[in-house]
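User: Hi! I'm new to this one and would love a quick tour. Could you pull it up so we can chat about it?

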Amino acid sequence: MTADTAPQKTNLLGMSRDEMETFFLSIGEKKFRAAQVMKWIHHEGCDDFAAMTNLAKALRAKLAEVAEIRGPGVVYEGTSSDGTRKWVLEVEDGSYVETVLIPADNGKRRTLCVSSQVGCSLDCSFCSTGKQGFQRNLTAAEIIGQVWVAQRSVGPRKDTANRPVTNVVMMGMGEPLLNYDNVVPAMKLMLDDDGYGLSKRRVTLSTSGVVPMIDRLGDEIDVSLAISLHAANDELRSELVPLNRKYNIRALLDACHRYLAKCDDTRMITVEYTVIKDVNDQQEHARELAELLRELPCKINLIPFNPFPHSGYEKPSRNQCVRFQQWLYELGYTAPIRTTRGDDIDAACGQLVGRVKDRTKRHERYIQSIQIDAD
Ligand code: SAH
Ligand code: SF4
């Protein structure tokens with residue numbers, strides 16, 4: 001049989017527990033095998049059935065015939081002097097996605113920024129991913145594969161207190177709520193004890209405001225929610241985030257309230273506010289923002305705009321960001337300013353990614369700037 005006609009093997013990497021159990025039943029095996037294999041894949045970073053020593057040899061051989069554990073290929077891996085690590089990954093059709101691991105709190109927290117799509121269809125005016133247009137949704141295997149690659153590179157998880165990845169933010173490329181069917185199973189694996197075992201407060205989905213999908217998300221899974229607000233009035237927000245013309249600020253905030261009502265603990269929404277020079281960085285904007293968010297249990301994250309060629313926007317000065325932060329403080333909000341991390345690999349990597357595929361380079365600056373607070 002040639003490679004072209006060989007039957008395709010089932011990739012087990014992106015399967016949630018339910019899917020894995022169904023798979024084992026479909027090959028005439030017991031359901032509990034799912035948990036065993038999940039642990040090998042996600043705890044040990046294993047991609048070789050032969051190494052799964054708690055499975056009978058015959059089962060290992062059978063699995064090798066019908067299934068595989070196939071993660072994305074690592075095209076580039078780099079570590080910055082501040083400890084930020086970055087991977088450029090090649091996914092199925094030769095596209096590239098980036099994943100960044102950002103250490104914080106003296107190494108206690110390691111937050112992985114995960115992509116959900118190649119490109120994005122929503123065309124926010126200040127976002128380089130939006131400018132690339134939409135290419136395709138990532139599969140669940142390609143999404144969880146980013147966590148898998150990062151964890152394998154950092155080293156297998158020794159114990160639950162010493163995880164290579166302690167937090168995940170769905171803040172890489174793409175709009176996760178427009179790839180719901182792949183993002184949710186991948187997040188279920190992040191939460192599952194036989195997957196990555198992260199608590200719901202440590203897995204954050206960031207959305208530009210796909211309101212109906214926020215409702216669906218709340219019905220199906222309990223993770224932390226971040227919204228990309230960036231402006232506190234509809235006129236300006238529609239300019240920055242065109243999706244606002246479909247789901248305006250009121251509709252988005254109402255969806256946030258409904259989401260919080262479904263959480264079984266006291267939770268806050270993270271409000272992301274990209275500060276853009278002379279666009280949304282004045283005192284009146286801070287006042288409007290504080291007023292708008294008064295009713296919503298939330299924390300605000302300020303992200304200085306990361307410029308890219310032909311964006312038409314400018315980065316605000318550090319002083320202006322601090323002034324904006326101070327205005328918010330006077331209005332009752334403590335809003336951290338997210339600083340850019342991994343500057344030295346930025347340059348090295350930028351060159352490399354530039355050689356590989358120019359379009360991923362611009363995106364990297366802003367994902368390196370993101371760090372979400374979590375317990
Ligand atoms: N699509 C989702 C998640 C990915 S974007 C969303 O929009 O929320 C992750 C965050 O980075 C968003 O808050 C986004 O607005 C912000 N961002 C995008 N481009 C940026 C840039 N050039 N500078 C700073 N932040 C940016
Ligand atoms: Fe897409 Fe988010 Fe970029 Fe907007 S900010 S274009 S939703 S990735």
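User: Let's start with C263: buried or exposed?
Analyst: C263 counts as buried, because its relative accessibility is 11% and the cut-off for buried is under 20%. Keep in mind that this is a predicted model.

User: And what is the relative accessible area of C256?
Analyst: For C256 the relative accessible area is 0%, so C256 is buried.

User: How many disulfides are there?
Analyst: The count comes to zero disulfides. C256, for one, is in no disulfide: the nearest cysteine sulfur belongs to C298 and is 8.8 Å away.

User: OK, new topic. What's the order of the strands in the open sheet?
Analyst: The order is 3-4-5-6-9-10-11-12-13, which makes an open sheet of nine strands with mixed pairing. At the edges are strand 3 (73-79) and strand 13 (298-304), each pairing on one side only. On average, neighbouring strands of this sheet are turned by 20 degrees against each other, direction ignored.

User: Which helix packs on that sheet, touching strand 3?
Analyst: That's helix 5, which also touches strand 4 (85-90), strand 5 (96-104), strand 6 (109-113) and strand 9. The direction of helix 5 makes about 130 degrees with that of strand 4.

User: How many residues does helix 5 have?
Analyst: Helix 5 has 15 residues, 140-154, and reaches 21 Å from its first C-alpha to its last, close to the 21 Å expected. Helix 5 also bends by about 25 degrees at Q146.

User: Is helix 5 mostly covered or mostly exposed?
Analyst: Mostly covered: twelve of the 15 residues in helix 5 are buried. Among them are I143, I144, V147 and W148.

User: What follows helix 5?
Analyst: G155 does, and its phi is positive, near 130 degrees.

User: Back to the strands for a second. In which sense do strand 9 and strand 10 pair?
Analyst: Strand 9 (residues 167-170) and strand 10 (residues 203-207) pair in the parallel sense, over three bridges. V168 has V203 in strand 10 as its bridge partner.

User: You mentioned a positive phi. What is the phi of H230, which isn't a glycine?
Analyst: Phi of H230 is near 70 degrees, a positive value. Most residues other than glycine have a negative phi. H230 is found in the loop between strand 11 (224-228) and helix 8 (234-240), and it counts as buried because its relative accessibility is 3%.

User: And where is D123?
Analyst: D123 is in the loop between strand 7 (117-119) and helix 4 (128-132). Its phi is positive too, near 55 degrees. With a relative accessible area of 38%, D123 is partly exposed.

Key. Residues are numbered from 1 along each chain as its sequence is written. Chains are lettered from A and ligands numbered from 1 in the order in which they are written. This is a predicted model: local features need pLDDT of at least 70, side-chain atom pairs count only at pLDDT 80 or more; totals for chains, interfaces and linings use all residues. Side-chain values use heavy atoms; hydrogens and water are left out. Helices (H or I, at least four residues) and strands (E, at least two) are DSSP runs, numbered from the N terminus. The expected span of a helix is 1.5 Å times one less than its number of residues. The bend at a residue is the angle between axes fitted to the seven residues ending there and the seven starting there. Buried means under 20% relative accessible area, exposed over 50%, partly exposed in between (1.4 Å probe, protein chains only). Two strands pair if DSSP finds at least two bridges between them. Axes are lines fitted to C-alpha atoms, for helices over the stretch in contact, and angles run from 0 to 180 degrees between N-to-C directions. Contact means heavy atoms within 4.5 Å. A disulfide is a pair of cysteine sulfur atoms within 2.5 Å.
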